[in-house]
Amino acid sequence: MSRIIVYTGKGGVGKTSVAAATALRCAERGQRTLVISTDIAHSLADSFDVALGGEPTKIVDNLWGQESDVYYNVRRYWGTIQRYVQSVFRWRGLDDVLAEEMTVLPGMDELSSLLWIAEHHDSGQFDVIVVDAAPTGETVRLLSLPEAGRWWLERIFPIQRRAMQIAGPVLRRVMGIPVPDDAVFAAGEELFHRLDHMAELLADEQKSSIRLVLNLEKMVIKEAQRSFTYFHLFGYPTDLVVCNRVLPEGAGAYFEGWHDAQRRYQPLVEESFAPVPVRAVPFFDREVIGLEMLRKVAAALFEEGDPASFFYRGRPYRVRRENGGYVLTLDLPFTSKEQVSLLRNGDELVLQVGSWRRNLVLPRALVEAQARGAKFEGNTLRIDFAARARE
Ligand SMILES: Nc1ncnc2c1ncn2[C@@H]1O[C@H](COP(=O)(O)OP(=O)(O)O)[C@@H](O)[C@H]1O
Ligand SMILES: [Mg+2]
């Protein structure tokens, strides 16, 4: 069993640097650690200043790195399906080389990289697996796939399979279309099961945490808030928010404007992610490359502590369907008889109870739905949303 830590965030915020720093610290504390990049824009190798490949490569004692390779992964996990798709393309007259290129469908690569996580977990070779994941949008989409996969597996797959068993031979004879055989279906099933297993691992709060990396910039914070909501929607535990590139005091007059903006955004970040803790990493005077710089990042984040600890346990809020509408529940640090005020601002919901404020970016299903009211049930605040969009 391994501890799994996934870092995600908008492009360029520092995911790779923070993931590498976390992994290095874990390894130096004596844990067998793997850091694996699932972002197509690989930069782990640059971060450690070593060459990495499609299988784990040793970096220092107790530390291995892996940058997945699209063709290698696709062959490994999608081989059978890919060969079938390729035969269809060839039947349509596409030449071999192009047919092979075309079978790498968007998302396959990142998905295959995620499947590695489950394999490494099951192998028992590593105590900690640190994932340098793709930017938030893609990661959220990928993490929602197992749900979709299960749906396909249960509903579409058996029907298709039966239909093919009946019509397949006819199709092949009459039209010459390559029909998927049982091996293709079996490979599809196997893939869905792996996906399911991976999602189960990532949702297991005894093992996994998803951590968000952000900078103090409006767009970046907004995207992080949205992902945060989605992780809760899909039930993936989040235990830490890393606020990277925080300008230190005395950065100079030129940076005064940036500094002001960062100071303004700081409370918004606290409000948006509480009770999940937010930790800061300063804007260093140079790039984060090499072990020495990575140690500095780790020190800023974890001081002398263990990066693999759980910094928060629990689900700050949940969304579920009830009576045709939606119910959003939040665990609050207090019970209150005070007036709860709900303010909608586009896709954001601003909650205010006395002087306490929370800012939530709503999942898409709730953006159009009207909030019908909020009430306390013990320490839990319950907000009801109407099912239909406002007329
Ligand atoms: N705290 C920091 N101080 C200075 N430079 C940083 C810091 N964090 C990241 N960087 C630099 O910013 C660039 C982008 O960081 P990286 O970790 O590759 O981001 P991402 O993986 O999110 O795209 C890299 O050149 C990295 O060295
Ligand atoms: Mg990166």
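**View 1. Helix H1 gives the largest share of the shell around ligand 1.** Three residues of that shell come from H1. Keep in mind throughout that this is a predicted model. The shell counts 17 residues in total, and those that come nearest to ligand 1 are Gly 14, Lys 15, Thr 16, Ser 17 and Glu 287. Helix H1 (15-28) and strand S7 (238-246) are the elements that give two or more residues each. Sorted by class, the shell holds six nonpolar, eight polar and three charged residues.

**View 2. Here is helix H1 on its own, from end to end.** Its 14 residues should span 20 Å at 1.5 Å a residue, and the end C-alpha atoms are indeed 20 Å apart, so the two agree. Is H1 mostly covered or mostly open? Mostly covered: 13 of its 14 residues are buried. Once H1 is over, along comes Gly 30, with a positive phi near 100°.

**View 3. Zoom in on Val 18, a residue of helix H1.** Val 18 counts as buried because it has 29 C-beta neighbours inside 10 Å, where 20 or more is enough. Which residues is Val 18 in contact with, once neighbours within four places in sequence are left aside? They are Tyr 7, Val 213, Val 242, Asn 244 and Val 297. Look for Leu 301 too: Val 18 and Leu 301 sit 283 residues apart along the chain, yet 8.8 Å separates their C-alpha atoms.

**View 4. Gly 30 sits in the loop that links H1 to strand S2 (33-37).** With 10 C-beta neighbours inside 10 Å, Gly 30 counts as exposed, since the limit for that is 12 or fewer. From C-alpha to C-alpha, Gly 30 is 9.4 Å from Leu 63, a residue 33 places away in sequence.

**View 5. Helix H10 covers residues 291-302.** The twelve residues of H10 reach 16 Å from first C-alpha to last, close to the 16 Å expected at 1.5 Å a residue. Its buried residues are Leu 294, Val 297, Ala 298, Leu 301 and Phe 302. Why are they on the same side of H10? Because they cover an arc of only 105° around the axis. The general rule behind this is that an α-helix has 3.6 residues a turn, so residues three or four places apart point the same way. As for what covers the buried residues of H10, the list includes H1, S7 and strand S8 (278-282). Just past the end of H10, Glu 303 takes a positive phi of about 50°.

**View 6. Two more residues with a positive phi, Asp 49 and Arg 245, are shown here.** Neither Asp 49 nor Arg 245 is a glycine. Asp 49 has a phi of about 60° and is found in the loop between helix H2 (44-48) and strand S3 (57-60). Its 12 C-beta neighbours inside 10 Å make Asp 49 count as exposed. Arg 245 also has a phi of about 60°, but this residue lies in strand S7. Arg 245 has 22 C-beta neighbours inside 10 Å and therefore counts as buried.

**View 7. A cis peptide bond joins Ala 274 and Pro 275.** Omega for this bond is about 5°. Where does Pro 275 lie? In the loop between helix H9 (256-273) and strand S8.

**View 8. The largest nonpolar core brings together 71 residues.** The members that touch the most others are Ala 20, Ala 23, Ile 117, Ile 129, Val 131, Leu 214 and Val 242. Helix H1 supplies the largest share of this core, eight residues. Take Val 131 as an example: not counting residues up to four places away in sequence, Val 131 touches Ile 5, Val 6, Tyr 7, Ala 19, Ile 36, Thr 38 and Ile 117. There is also a second, separate core of twelve residues, and among them are Leu 332, Leu 360, Leu 381 and Phe 385.

**View 9. To finish, step back to the chain as a whole.** The chain has eleven helices and 15 strands. Of its 391 residues, 36% are buried. Among contacts with a separation of 6 or more, 71% are between residues 24 or more positions apart.

How values were computed:
Residues are numbered from 1 along each chain as its sequence is written. Chains are lettered from A and ligands numbered from 1 in the order in which they are written. This is a predicted model: local features need pLDDT of at least 70, side-chain atom pairs count only at pLDDT 80 or more; totals for chains, interfaces and linings use all residues. A residue is near a molecule or strand if its C-beta atom, placed from the backbone, lies within 6 Å of it. Helices (H or I, at least four residues) and strands (E, at least two) are DSSP runs, numbered from the N terminus. Ala, Val, Leu, Ile, Met, Phe, Trp, Tyr, Cys and Pro count as nonpolar, Asp, Glu, Lys and Arg as charged, and the others, Gly among them, as polar. The expected span of a helix is 1.5 Å times one less than its number of residues. The arc is that of the directions from the helix axis to the C-beta atoms. Two residues are in contact if their C-beta atoms, placed from the backbone, lie within 7 Å. A nonpolar core is a set of buried Ala, Val, Leu, Ile, Met, Phe, Trp, Tyr and Cys residues joined through C-beta atoms within 7 Å.
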